[in-house]
Amino acid sequence: MIRWLIVFLLLSPTTSMSELSAKRRRRMSDKVRKMFYHAYDNYMTYAFPHDELKPMTKSFTNSLSELGNLKLENLPREYNGTALTLVESLSSLVILGNNTEFEKAVMWLSVNLSFDVDARINLFECNIRLLGGLVSAHILATDSTNRFIQGTYNNQLLVLAQDLGQRFLPAFNTPTGLPYAWINLKYGVMENETTETSTSGCGSLILEMGALSRLTGDARFEHAALNALHKLWGMRSSLNLLGTTLDVVTGEWIEYSSGIGAGVDSFYEYLIKAHILFGKEEFWRMFQSAYLAVQKYFRYGSWYHEADMRTGRATYWQLTSLQAFWPGVQVLVGDVAAANLTHREFFYVWKKFGVLPERYLLDHQIVHPTEKYYPLRPELAESTYYLYQATKDPWYMEVGEAIVNSLNLHTKVEGGFASVRDVTTMQLEDHQHSFFLAETCKYLYLLFDDSPLVGRNYIFTTEGHPLPVLSDWHERLPDTYTPHNLTSIKINTQKKQASAMSMQVCPANLLNPRHDDGQEIESVCHVPDTRDDHRCLTDDDCGIDSTNCRRRSCSSAGYCGLWLFI
Ligand code: DMJ
């Protein structure tokens, strides 16, 4: 009897372990679902139809128009905001399977939302949050396999999106084609409007505006966004680096230092995602050059510092919370090992404080004296989701669990979820940003339950709104996305079978596919060491490793190699 019991105990762990982990996943996805509804219901009760909830005072803020200098008292008295959090919640409601609430929200917006208001808004924020939210929800509402809307939907969200897109167009009316950062929804660009904008502000509009053009057949939106992107790309330095801020009238850089965080982040993200969504080779080529420059000039081990776009010299050794999206982008291109390393560093900082500080000084290992806040940002959860999808390593679930627990412990209040004003004291701030519902809760939920995505081929905008990858939006579908397309890559002397995904880490040089002598396809990220014998005096003599696109460094014995990573 005892012997049988032992045999049973020895045999059962696999079953009970997987059951346990399935249970744990269900428990966690339920927990995240509750978080979403705690945030959503409180918004609907205390803030709707205004933009965002103030969870501590159970009141509202019209933050989209208050992001600028315009004070609430300058807005028309009847101004009720843009129902921003509701628009941002639409795709999350679909992912949570709440068709009834989705339909109710769509119908309310169809009747009540108007952009004909005298409000100065930030073009980038309005694009990723409102336009992206509407376009994505329109696609979900019209997806016949979803059956979200029972015959009552008549493209109202697309009509709203088109109206909003048209209100964006005057912003692009500049000598350079680069858009103003701020416009008035009713009157267009205001007199004496600032001409300063950011790289992400004018370089990451293409997904939403491109999708709007494809859906409406009005090419002006895609054309304006693409034109701005081309202009911006033309302003890159000889090192393929871009700065952080620029002037839309003169087309001159204002801030030459940049990195992968604030002011630039989604520019990189949109190059690769535009390639995936629209299939254009030019986006891939831009991304390759930009990605390589990031790896070469910003990367230090698993961290990314900032550097001067003209010289490539390091400027600020700081981690910013926004940078935590980068491992997610790396997963998309197949650079999973590097993504994992960087993700671990961010999670280390998360654990140290309980949440991520907005800015952390890498050289001193302390929080930035003024940027100590954590506004419920999604980026670490987002990368965790991507890494889990790529690896199925349960460790990422544990990371997700830790994030969920910290959010509940530190930021949950009776009236919703509050931002953290100071991560060193966990003092809260009265603001529940809409991206908490659009992104943070969505990525955490999908980490534990990805069934809503099964059989679907979506990419997420920078605000977490899903857009379907459709073959008719592609000029052509690159072979690199065909999952069964196994290619061989060379790792040292070993030949290894690798998936097409990993070839995208060190993208094969499609222009020069295979040497006549039958040698392996060369990776375009490969920058050879200065000397053929790989001898070096400094790191500058070393190039980029062709097997994983990592920067090689000079060892104390004077040889180039991946010494930092051993
Ligand atoms: C979101 O609005 C988007 O992800 C944007 O690209 C930058 N980050 C915020 C949330 O942190």
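## Exercises on a predicted model

An oxygen atom of the ligand sits 2.7 Å from an N or O atom in the side chain of R377. The model is predicted. The exercises start from this ligand.

**Exercise 1. Find which other side chains place a polar atom by a ligand oxygen, and say how much of the ligand the protein covers.**

Step 1. Take E379. A polar atom of the E379 side chain is 2.8 Å from an oxygen atom of the ligand.

Step 2. Take E439. An N or O atom of the E439 side chain lies 3.0 Å from an oxygen atom of the ligand.

Step 3. Turn to coverage. On its own, the ligand has 290 Å² of accessible area, and the protein covers 93% of this.

**Exercise 2. List the residues around the ligand and sort them by type.**

Step 1. Use the cut-off: a heavy atom within 4 Å of the ligand.

Step 2. Read off the residues. They are I128, L322, R377, P378, E379, F435, E439, T462 and E463.

Step 3. Sort the shell. Four residues are nonpolar, one is polar and four are charged.

**Exercise 3. Describe how helices α3 and α5 pack.**

Step 1. Choose the descriptors. A packed helix pair is described by the angle and the distance between the two axes.

Step 2. Apply them. Helix α3 covers residues 84–95 and helix α5 covers residues 123–142. Their axes are 9 Å apart, at an angle of about 35°.

Step 3. Add the handedness. The crossing of α3 and α5 is left-handed.

Step 4. Name the contact residues. From α3 come L84, V87, E88, L90, S91 and V94. From α5 come I128, R129, L130, G133, L134, S136, A137 and L140.

Step 5. Sort them. The contact of α3 with α5 has nine nonpolar, three polar and two charged residues.

Step 6. Link back to the ligand. I128 of α5 takes part in the helix contact, and I128 is also among the residues around the ligand.

**Exercise 4. Locate two backbone exceptions.**

Step 1. Recall the rule. Most peptide bonds are trans, and most residues other than glycine have a negative phi.

Step 2. Check the bond from F48 to P49. This bond is cis, with omega near 5°. P49 belongs to the loop between α1 (2–46) and β1 (52–54).

Step 3. Check N192. N192 is not a glycine, yet its phi is positive, about 60°. N192 is found in the loop between β4 (182–184) and β5 (196–198).

How values were computed:
Residues numbered from 1 in each chain as written. Predicted model: local features only at pLDDT ≥ 70, side-chain atom pairs only at ≥ 80, totals over all residues. Heavy atoms only, no water. Polar contact = N/O pair within 3.5 Å; in protein donor to acceptor, adjacent residues only side chain to side chain. Areas by Shrake-Rupley, 256 points an atom, 1.4 Å probe, with all protein chains shown as cover. Nonpolar A, V, L, I, M, F, W, Y, C, P; charged D, E, K, R; others polar. Axes fitted to C-alpha atoms, helices over the stretch in contact; angles between N-to-C directions. Helix = DSSP H or I, 4+ residues; strand = E, 2+ residues; numbered from the N terminus. Left-handed = near helix turned anticlockwise from the far one by under 90°. Contact = heavy atoms within 4.5 Å.
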